[in-house]
Structure formats: C-alpha cells, structure tokens
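Student: I have a new structure to look at and don't know where to begin. Can you walk me through it?

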Amino acid sequence: MARAIWTGVITFGLASVPVGLYTATEDHTVHFHQLQRGTADRIRNRRVNERTGEEVDSKDIVMAFEAAEGEYVVIDPDELDEIAPGRSKAIEISDFVDLADMEPVYFARTYYVAPRGKEHLKVYELLRAALAEADKAGIATFVMRGRQYLTALRAADQVLVLQTLHWADEVRDPGRELPELPSGRAGRGKELDMALQLVDALSSDWDPARYHDTYQEKVRELVKAKAEGRDIALAEEAPEATNVVDLMDVLQHSLDQARSPGSGAAQQRRKPAAESPARKSELRRMSKSELYQQASDQKLPGRSKMTRDQLIDALARAGRRGKKTAA
C-alpha cells in the first residue's frame, strides 16, 4: 500500500474534503554508481564545511539567505510552515477552467488524490463527478516541502488527479528564446494535403501500453553483454534532414509505407474502417453536457463516468452500430 507524501484538505467554495497525495508515476531508469576509474572504489558526495573542510551532520545544517556579501539570515523550516497559506495543509481551489484551454507546457508532475476515510467519499466523489461532467480543472495552490505549487485538479475514472503547473514566469516565450521559427503558416496545397493524409494513415487509438522505453532496454542489454564479455550491436545514425526539393517524394513514399498492409504501423492501428470523420468532427463541436444528453438519449452504459473524449468515442461507435443495423 502506497504512503501519502502529503496530507491536508481540498477546499472548493465552503466545502472541504480531507485528502492524501500519492505519486502517480515511478522511475524505471537504469541507475549507475560512480567509481574511480581503474578501481572498484565508490565515489560519494559529502556535505562539508567550506571553511574547515570537515563533514557536517544533516541535523546541524540550517537554511540561510544571503542578504549581503558574507551576511546571512538563518531561516528555520518551522518558520516557513508558519507563513505558508493554510499552514501547508490546504489545496485551495480558486477557480475552474476548461481543460482544452490549458497548454501542455504548463504541466509538471502528476499525483493521485485520495480521500482520507470512508466518511469523506461522498464529498470527494461529488467534486470528481462535477469536474468530469463540466470537463474542467480546478486551479489551486498549496505548499509542500517549503515550496508553493500552482496546480490543476482534474477528474479521471474513479480518482482525482492533481498536476503541478509551472508558474507563468517560468515558461519561456519561444519567440524570444528560439533561434529559428517559421515566419508564417503553411498554406493549403498538395504538400499539406499529403501531410494530412500521412497523419490520418498513421492515426490510432491512444494505448500507452504500446510504447516502451527502448533506450533503457538497450542500456540493460549493454550491461548484461559487458558482464558476459559479449559485444553489442551499435545503433543506427540519426537520419539526415529532408531536402525541401525532395519533400513531395518523401511524403509519398511515407504514405505508401504507412498504407502497406504488412507495415508495422498498419498492423498496430486499431482505428475502425467504418468510422466517420464527419460524425466525430460534429461530436467534437459539442459541449460535454450536450454529449452526455445524447448518450442518455441512446442509453449508453457507463456514460456517467465517461470523460468528454470517451463520450465522443462511445457516440461514434453507437452511430456505426446503428448504420450496420439499418443496413
């Protein structure tokens, strides 16, 4: 059973629910130790006094802010907790925003939020269901481990998910930071039409289990091969940049490859052949409440727990089944 890394309350309006915060992801990276070259001697980091060179115990280390050169203001962790909003124990939702309006660059880390006790399940589920139905995220701030976070609280299936966000002044402006960007939009033409066809040919349903960290697999293979005294095949070089003159030919060959029945991309795709792009486009223009009403009219099972995208997919499938029945 996982342990909560933070406990407190979520507040929205005058309502509040005690919750715990749990990490939603785990690291699968291969970790290495540091050794001195030519030996089996471990290299370790130590905290040492800069003036004396002696190691300092963690209990004797305090935080300090350099107010002037050589002059420090010492801050105790308890003092930081005392000035934290809600004394570091409240996730205060200030407003609700459309999820579609939130740019991915603002998202940082993801956590699961769970109620602390069965007696709080009703209020917890009420907030989750309201966020799911409205297709919105609750924007909130809270303090954890001496740092205030801006967060987005959103609904997933059966659980509330909290995602920490970057503050506005932490997100760089690409127009100022990047050396080269297109000066205008791509105009409608054969190249764009073919690129759209390629995107469509390579489209499939989102299934995260299909994707694997092949680099970490190669790292583990390298470690095993070196331990056994074997050689390992080198990876291929990165492809060269596409020449603009050859762009149409490259797009056409890519499209032919994607459409080939024997290609890996074609075998992986699970997009139903009978799906109507026009129908899906029509559904995507509807609000979640309108989609839910259509799902209610058609008595689709499980509709109350569906996200907006799940409602769109379910209604599109229902439409295909209706056409087959009529035929």
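**Overall picture**

Tutor: Start with the fold elements: the protein has 10 helices and nine strands. Keep in mind that this is a predicted model.

Student: OK. What's the radius of gyration of the protein, next to that of a compact globule?

Tutor: The protein has 27 Å, whereas a compact globule of 327 residues would have a value near 20 Å. Along the principal axes, the C-alpha atoms fill a box of roughly 85 × 60 × 45 Å.

Student: And how much of the protein is buried?

Tutor: Buried residues make up 21% of the 327 residues.

Student: What about contacts between residues at least 6 apart in sequence, how many join residues at least 24 apart?

Tutor: Of those contacts in the protein, 58% do.

Student: Switching to helices. How do people describe two packed ones?

Tutor: By the angle between the two axes and the distance between the axes.

Student: Then what are those values for α4 and α6?

Tutor: Helix α4 covers residues 190-201 and helix α6 covers residues 247-259; their axes come within 9 Å and cross at roughly 20°. Angles under 35 degrees count as roughly parallel, so α4 is roughly parallel to α6.

Student: Is that crossing left-handed or right-handed?

Tutor: The crossing of α4 and α6 is left-handed.

Student: Which residues make the contact?

Tutor: On the α4 side they are Lys190, Glu191, Met194, Ala195, Gln197, Leu198 and Ala201. On the α6 side they are Leu247, Met248, Leu251, Gln252, Ser254, Leu255, Ala258 and Arg259. Sorted by class, the contact of α4 with α6 has nine nonpolar, three polar and three charged residues.

Student: Now α2 and α9. Are they roughly parallel or roughly perpendicular?

Tutor: The axes of α2 (residues 121-134) and α9 come within 7 Å and cross at roughly 95°. Angles of 65 to 115 degrees count as roughly perpendicular, so α2 and α9 are roughly perpendicular to each other.

Student: Who's touching whom there?

Tutor: Ala132, Glu133 and Ala134 of α2 make the contact with Lys288, Ser289 and Tyr292 of α9. That contact has three nonpolar, one polar and two charged residues.

Student: What comes after α2 in the chain?

Tutor: A loop that contains Asp135, between α2 and β7 (136-144). Asp135 has a phi near 55°, a positive value in a residue other than glycine.

Student: What sign does phi have in most residues other than glycine?

Tutor: Most of them have a negative phi. Gln158 is another residue with a positive phi, about 75°, although it is not a glycine. Gln158 sits in the loop between β8 (147-155) and β9 (160-165).

Student: Are Asp135 and Gln158 exposed or partly exposed?

Tutor: Asp135 counts as partly exposed because its relative accessibility is 22%. Gln158, at 58%, counts as exposed.

Student: Different spot: where is Arg285?

Tutor: Arg285 is in the loop between α8 (277-284) and α9 (288-297). Its relative accessibility is 64%, so Arg285 counts as exposed. The C-alpha atoms of Arg285 and Leu196 are separated by 20 Å, and the two residues are 89 apart along the chain.

Student: Last one. What does Ser16 touch?

Tutor: Ser16 belongs to strand β2 (residues 15-23). Leaving out residues up to four places away in sequence, Ser16 touches Ile10, Thr11 and Val123. With a relative accessible area of 41%, Ser16 is partly exposed. From Ser16 to Ile43 is 27 residues in sequence and 49 Å in space, C-alpha to C-alpha.

Key: Residues numbered from 1 in each chain as written. Predicted model: local features only at pLDDT ≥ 70, side-chain atom pairs only at ≥ 80, totals over all residues. Heavy atoms only, no water. Axes fitted to C-alpha atoms, helices over the stretch in contact; angles between N-to-C directions. Helix = DSSP H or I, 4+ residues; strand = E, 2+ residues; numbered from the N terminus. Parallel < 35°, antiparallel > 145°, perpendicular 65-115°, else oblique. Left-handed = near helix turned anticlockwise from the far one by under 90°. Contact = heavy atoms within 4.5 Å. Nonpolar A, V, L, I, M, F, W, Y, C, P; charged D, E, K, R; others polar. Rg over C-alpha atoms; globule rule 2.2 N^0.38 Å. Buried < 20%, exposed > 50% of the residue type's maximum accessible area, 1.4 Å probe, protein only.
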